[in-house]
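The following account leads the reader through a predicted model, beginning with the backbone and proceeding to the packing of the interior.

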Amino acid sequence: MRKIPFLFLFFLFVMQTNAQIKLKAVPAKPDDNPLLRQWDTPYQTPPFRSIRPEHYEPAFQAAIKAAQADIAFIRDNSDTPNFQNTIVALDRAGALVTRVSGLFFNLLECDATPQMQDIAARVQPMLTEYSNSVFLDTLLFQRVKYVYEHEFERLTGADKMLLKNTYDDFLDNGANLSNDQKKVFNEISVELSNLTLSFGQNALAATNSWQLHLTDKKRLKGLPDNELAIAAQRAKDHHVEGYLFDLSHPSVNAILTYADDRALRKEMYLHSCNKAFGGEFDNCANISRILTCRERIAQLLGYPNYAAYALHNRMAGNSGQVYDLLNQLREASLPAAQKELQSLREFAKQEGLKGELQRWDFAYYSEKQKNKLYNLSTEQLKPYFPLDNVIKGVFSLAEHLYDLRFEPAADVEVYHPDVTAYYVYRQDRLMAVLYLDFHPRSTKRSGAWMTNFREQYIDANGHDVRPLVSLVMNFTPSTGKTPSLLSFSEVTTFLHEFGHALNGMLSDVPYAAISGTNSPRDFVELPSQLNENWATEPEFLNTFAFHYKTGEPLPEAYISQLKEMRRFMAGYSSVRQLSFGYLDMMYHTKPAQEITDIQARELEIFKPLDVMPTVPQACMSTSFSHIFAGGYAAGYYGYKWAEMLEADAFSVFQQNGVMDRETADRYVDAILSKGGSEDAMEMFIRFRGRKPSVEALLKRDGLK
Ligand SMILES: [Zn+2]
């Protein structure tokens with residue numbers, strides 16, 4: 001994944017809260033505060049060693065004050081508005097806010113001490129108020145609109161894109177509404193933010209509302225030792241004997257995938273299939289109200305429904321394109337899923353299953369079937385992926401394809417002793433400083449992500465400011481006896497995040513707001529997912545995947561198994577993702593008032609895609625946090641969209657050779673260096689020679 005840049009956070013803040021806060025008197029003495037000083041470090045990298053948590057709040061206060069002065073200067077300019085004095089000036093405004101946020105919000109993710117969390121709670125309302133004041137500044141918007149109306153046709157390339165995005169951002173945040181409408185817009189935004197918060201809280205409370213407590217280990221037969229250890233630890237944390245399971249995904253999966261006891265699997269499934277549906281934490285009313293609010297916001301801004309509003313600045317553009325993709329994939333995936341299920345039913349029968357294969361049997365038997373078909377375990381692969389070798393492999397792939405050179409940057413300060421910094425060169429040109437942060441910490445959020453401490457852009461003096469890119473992971477650490485050995489899925493994650501990093505490091509764009517990974521949400525995962533493809537390429541693996549003890553290369557048989565495993569249950573997984581995509585689109589295209597019975601609506605969408613018996617009490621919408629509490633509303637299709645793009649783009653490498661420099665050069669020119677500075681479809685077409693097609697994805701997954 002990629003962390004949402006803070007500029008987007010601003011827009012989200014506007015949607016979330018309108019809290020008023022009085023700025024405290026600024027006690028900061030700018031000279032004493034490293035966040036506000038000129039940085040005399042190499043390439044103006046952050047002087048992490050001298051930054052302390054107590055520096056942030058006064059720095060934010062001073063930075064916002066400076067940003068307000070920048071905005072006032074642009075607004076009060078007596079010259080006729082033009083692209084330079086308004087749009088470019090806005091992109092450069094608030095440089096200090098950008099700097100301080102770039103550090104603070106990144107560290108909040110990977111070093112979230114209670115002190116940092118407290119500060120976040122105080123500074124977020126300040127930032128919200130600042131961003132509201134920008135978007136709802138009528139005079140400022142008049143200047144932006146004037147430039148849009150007078151210069152849009154004349155401008156080209158990155159200039160045109162920056163103007164379009166700036167104008168759109170103002171519109172999407174209600175700048176063009178009448179005063180009365182603005183009031184309504186604000187009220188609905190605040191309500192929506194409370195509703196999505198409440199949805200998330202209910203979903204979480206429902207997840208924690210039921211526990212399976214077992215003291216008889218025999219009932220847990222089939223569970224591997226590591227899963228038993230996790231459940232035992234959970235019990236210990238709750239001061240009970242034995243083993244404890246809850247309704248969180250890893251816990252549910254452990255039972256459904258491994259427990260031999262069918263009644264236990266059924267019990268777990270039935271408790272997990274309708275979280276927050278009815279009962280104390282019911283989310284049905286929240287869903288109805290969220291959909292109504294979203295529809296009203298969309299309509300206020302001139303769109304027929306929320307999907308039209310959300311999609312207008314994405315690559316897909318409109319719901320017609322989204323449905324087109326979903327339908328094409330359904331046509332190929334559904335028959336494949338039916339076949340896979342037929343084979344699974346037969347397998348389960350041979351394994352002794354009595355009666356019909358039910359939903360609580362799926363994970364259990366498909367895991368067994370997979371193990372029978374492919375004799376390759378996670379543990380077998382790990383010794384071939386010691387972290388140090390994987391780093392060398394990933395670097396040398398980037399060196400070979402993109403001409404990048406990585407040199408340890410011992411003189412660059414880091415925010416934690418575990419972090420390593422590198423200078424990244426292309427020939428003699430410094431492209432970026434790259435920070436790598438690999439292992440878990442109690443103050444680090446789970447998952448893996450790429451982020452920037454600074455975006456790439458050209459400053460007012462024409463100087464190319466290079467980006468500070470950071471990759472944060474939670475990989476298996478080393479133990480006393482063994483070095484850090486990565487699982488194959490961790491190797492793939494590294495490649496994924498490194499693909500985002502390439503997008504950042506190779507960026508060659510004049511404006512920060514459209515550089516690097518600042519591209520449409522359904523396009524930004526193309527470089528990352530494309531980079532994952534090398535994970536199963538022998539030409540890549542042969543350069544670094546050697547057994548850490550014997551030095552033996554990764555056996556060829558393992559590599560071909562890895563490729564084949566990708567196709568296991570591909571039809572079923574595709575259909576599952578598609579049903580969520582359809583459900584999301586239904587909720588955000590149908591008139592909200594027509595959606596009264598949540599469970600019935602969901603069933604109506606899922607039924608035609610079902611390959612297993614329906615469970616009457618199931619309802620997943622009430623815990624579908626991606627679309628009701630996260631940022632995926634009318635965006636869930638994006639997972640499949642990005643897969644279509646990357647599989648199609650990778651097919652060019654497959655044709656020309658996965659190590660072909662010329663293809664890589666074209667990829668850099670067309671996509672990696674361009675950030676979001678051009679229309680995503682045009683960028684794709686320039687590389688691929690035509691619009692994206694699902695053929696390559698279907699072929700790779702064995703669905704065609
Ligand atoms: Zn990603």
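Met-569 lies in the loop that connects helix H21 (556–565) with helix H22 (570–589). Its phi angle is near 55 degrees, a positive value in a residue that is not glycine. Met-569 is also buried, because its relative accessibility of 7% falls under the 20% limit that defines this class.

A second loop residue may be considered in the same terms. Ala-276 is placed between helix H11 (262–272) and helix H12 (284–300), in the connecting loop. Phi of Ala-276 is near 60 degrees, again a positive value in a residue other than glycine. With a relative accessible area of 5%, Ala-276 is buried.

The discussion now turns to the nonpolar interior. The largest nonpolar core comprises 144 residues. Within this core, the residues with the most contacts are Phe-385, Tyr-402, Leu-434, Phe-498, Met-505 and Trp-534. Helix H14, spanning residues 319–350, is the element that gives the most to the core, contributing 12 residues. A second core, separate from the largest one, has 65 residues, among them Ile-74, Met-126, Val-412 and Val-433.

Which residues are in contact with Phe-385, leaving aside its neighbours within four places in sequence? One group of partners consists of Ser-484, Leu-485, Leu-486, Phe-488 and Val-491. Phe-385 is further in contact with Leu-541, Phe-544, Ala-545 and Leu-554, and also with Val-390. Phe-385 thus serves as a point from which to inspect the largest core, being listed among the residues with the most contacts inside it.

How values were computed. Residues are numbered from 1 along each chain as its sequence is written. This is a predicted model: local features need pLDDT of at least 70, side-chain atom pairs count only at pLDDT 80 or more; totals for chains, interfaces and linings use all residues. Side-chain values use heavy atoms; hydrogens and water are left out. A nonpolar core is a set of buried Ala, Val, Leu, Ile, Met, Phe, Trp, Tyr and Cys residues joined through side-chain atoms within 4.5 Å. Buried means under 20% relative accessible area, exposed over 50%, partly exposed in between (1.4 Å probe, protein chains only). Helices (H or I, at least four residues) and strands (E, at least two) are DSSP runs, numbered from the N terminus. Contact means heavy atoms within 4.5 Å.
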